[in-house]
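This report walks through one protein model. It covers confidence, cores, a sheet and two single residues.

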Amino acid sequence: MKMQWKKTALAAALMFGAFIAVDHGARADEVQPASVRMESHPLTDRLEVQLKSLYNEKVPGGVRAGAVVRLTNTSDRLTRVPDYELRIVTDDGAEYTLSPSASNARSVQPKSKVELSYLTTIDREDDVVLSELTWVDVDVYVYPKQETKVLTLPISPQDGEDGGVSDGLAASIAWGDAFVLPFEEPPLRYTAVDLAETSNEQGPVVIVKVLVENPNDEKRAVSDFAIDGKSERKTYKGNRIEQGDIVVEPGEKRYVHFVIPTESGAQLTGLTVVTPERFIQAEAQGQAAAIAYTVDRFHISLPDSSVASERARLPYYAFGQRISFDPVNKLVDPRLAVSLADLRLYQNENAGYQTAVARFRIENTGETPLPVPAFAAELLSSNGFRYAGVANNAQAASAPPQIMPNSSALVAYSFLLPDSDTGDLSVKLFDAVSIAPYKTAIAAFNVALLPEMTNLDPISFYPFEVTIKDWDFYASMSAGMAATMYSYRVKLNLDIRLTDNVALGQDIPKLEVELEDRNGVVMASQAIPFVGPGKLISGPQTISLDNVGYQLESGIKINIYERIDTANGPAKRLVAEFRT
């Protein structure tokens, strides 16, 4: 069928004999990438031509059409580029001559390649459908001039999905399918593996992560390409985050990332892999103007990025198990064994929210000191919300910059959640360094919150366990000139045990004793640390609760909390309560 294009950028390798080769039934390491073939055609006895890109787009003043071709000199002698005219033919029989770029090479070295660019602007308001590309030898030294067609290549546009018309000649591939760029020799293998929505100071952006694999025996550089986002009405241009040349060693895997600025409320319907082309237009008085455009190579469908779908794909995690990180990530050294030691909900009184605290244990299994990885953390709730984590204030100052061999460190993150969110959660960890100010996921899993029960021995104050063997309560009175004040003593007989050999800094929970009267009014409280001056020790402990303004009668309640000092203030978890 013929294509009526309003705006098209065409991947030329799909135009004659192109193919898509994707085996969805094979193993992941056997799946052939989506590919397009740049077929070679003899132009002269020494030169072969490949059509790299074809371009057709409506612009102010008409239609701009162009082509980029690659010439290969198969001989062992320097060969001049022939003075053929390159023409396009439309489906209604109209023929237009393309102008060569001022930067086009004049000759081709032996056994070498050059790329030649051609472009023209057609003064037409209607849609243009390209049907042929023709090289013509024009002899202007005879009258009338003689034209000989040297090579004609048909252009066969593909139909779009569901019988419609595609917006170009680029192939459509599913999310997660690998692809290769036709002009890379030998090619790298690319796969879009992650898509995330975030925002910056300018507004919402989409981050696309692409896995690059080099299956060749020699190192290869990543080609200059980008990924654009498409909505129903608009194309959003994407840019690669990593700057400069990216070289991939033989057998190596690495990531490249693309940022696509969008608009508030914009809903992307797909992605497009595009490659840039450039035409130099010679102008009067020796001036030149560059015309840059992009060519569509592949259209990629979007994954289901809803939280529900994402959580359904994640494995369930058992506390203490080593977390499986993306092996391609460079942030977490493989000699570091990272595990989730504790994840609980804490209350923030009268704040309208609760705090989740996740504690990660990081063990150095290597033989040299290793830095603590600065990963970021996020929680996904079952009702579809995402909550960003913040490293606790004390942790930032107290966590050792390096972990010694055969040692462990503790890293804690806090998350603000609404009081209504009490279900199971998913944990997602990010590299927030490599592509700062953006982040990229490196691990994710589902996990059930640790159950909460009061007066259950032993009580976890990770990395400590506390058993309250006995308790007592008594009061004293002191009369002053202004008023009579009452002091109360809570005596606890404790058995404290360190359950995990981790480096202990200030980011360690405290045991808080709170005194509550019969009406539920908190009269006094005191938090006691497990480390440092005045720390708790095994055996009898007396906690003083002073300066209570009146004498408490029966119905007094003693509340025991685990207290965590987070970046958003203290958060508490009730672990035991006693009544007098």
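## Confidence

Residues 394–398 have pLDDT under 50 throughout, and the model gives this stretch nine contacts beyond four places in sequence. The model is predicted. Another stretch, residues 1–31, also stays under 50 in pLDDT. For residues 1–31 the model has 110 contacts beyond four places in sequence.

Over the protein chain, the mean pLDDT is 85. A pLDDT of 70 or more is reached by 86% of the residues.

## Nonpolar cores

The largest nonpolar core holds 34 residues. Those with the most contacts inside it are Ile 323, Leu 340, Phe 360, Phe 375, Phe 415, Val 427 and Leu 429. Six strands are named as each supplying at least two residues of this core: S24 (336–347), S25 (353–364), S27 (375–381), S31 (408–418), S32 (425–431) and S33 (440–447). Apart from this core lies another, of 32 residues. Phe 461, Val 502, Ile 508 and Ala 576 are among its members.

What does Phe 360 touch, leaving out residues up to four places away in sequence? Its partners include Ile 323, Leu 340, Phe 375, Val 427 and Leu 429. Val 338, Ser 339 and Ala 341 are also among them, as are Ala 409, Leu 410, Val 411 and Tyr 413.

## A five-stranded sheet

Five strands make an open sheet with mixed pairing. Their order is S12-S23-S22-S17-S18. Strands S12 (171–173) and S18 (235–236) are the edges, each pairing on one side only.

How do S12 and S23 pair? The sense is parallel, over three bridges, with S23 spanning residues 288–300. Ser 172 has His 299 in S23 as its bridge partner.

## Thr 134: a buried strand residue

Thr 134 sits in strand S10, residues 130–139. Its relative accessibility is 0%, so Thr 134 counts as buried. The side chains of Thr 134 and Thr 152 are joined by a polar contact of 3.5 Å.

Beyond its neighbours within four places in sequence, Thr 134 contacts Glu 85, Leu 86, Arg 87 and Val 89, among others. Lys 149, Leu 151 and Thr 152 are also on its contact list.

## Pro 334: an exposed loop residue

Pro 334 belongs to the loop between helix H1 (307–312) and S24. Is Pro 334 buried or exposed? It counts as exposed, because its relative accessibility is 68% and the cut-off for exposed is over 50%.

Pro 334 is 31 residues from Thr 365 in sequence. In space, the two are 9.0 Å apart, C-alpha to C-alpha.

Definitions and conventions. Residues are numbered from 1 along each chain as its sequence is written. This is a predicted model: local features need pLDDT of at least 70, side-chain atom pairs count only at pLDDT 80 or more; totals for chains, interfaces and linings use all residues. Side-chain values use heavy atoms; hydrogens and water are left out. A nonpolar core is a set of buried Ala, Val, Leu, Ile, Met, Phe, Trp, Tyr and Cys residues joined through side-chain atoms within 4.5 Å. Buried means under 20% relative accessible area, exposed over 50%, partly exposed in between (1.4 Å probe, protein chains only). Helices (H or I, at least four residues) and strands (E, at least two) are DSSP runs, numbered from the N terminus. Contact means heavy atoms within 4.5 Å. Two strands pair if DSSP finds at least two bridges between them. pLDDT is the predictor's confidence in each residue, from 0 to 100. A polar contact is a pair of N or O atoms within 3.5 Å; within protein, one must be able to donate a hydrogen and the other to accept it, and residues adjacent in sequence count only if both atoms are side-chain atoms.
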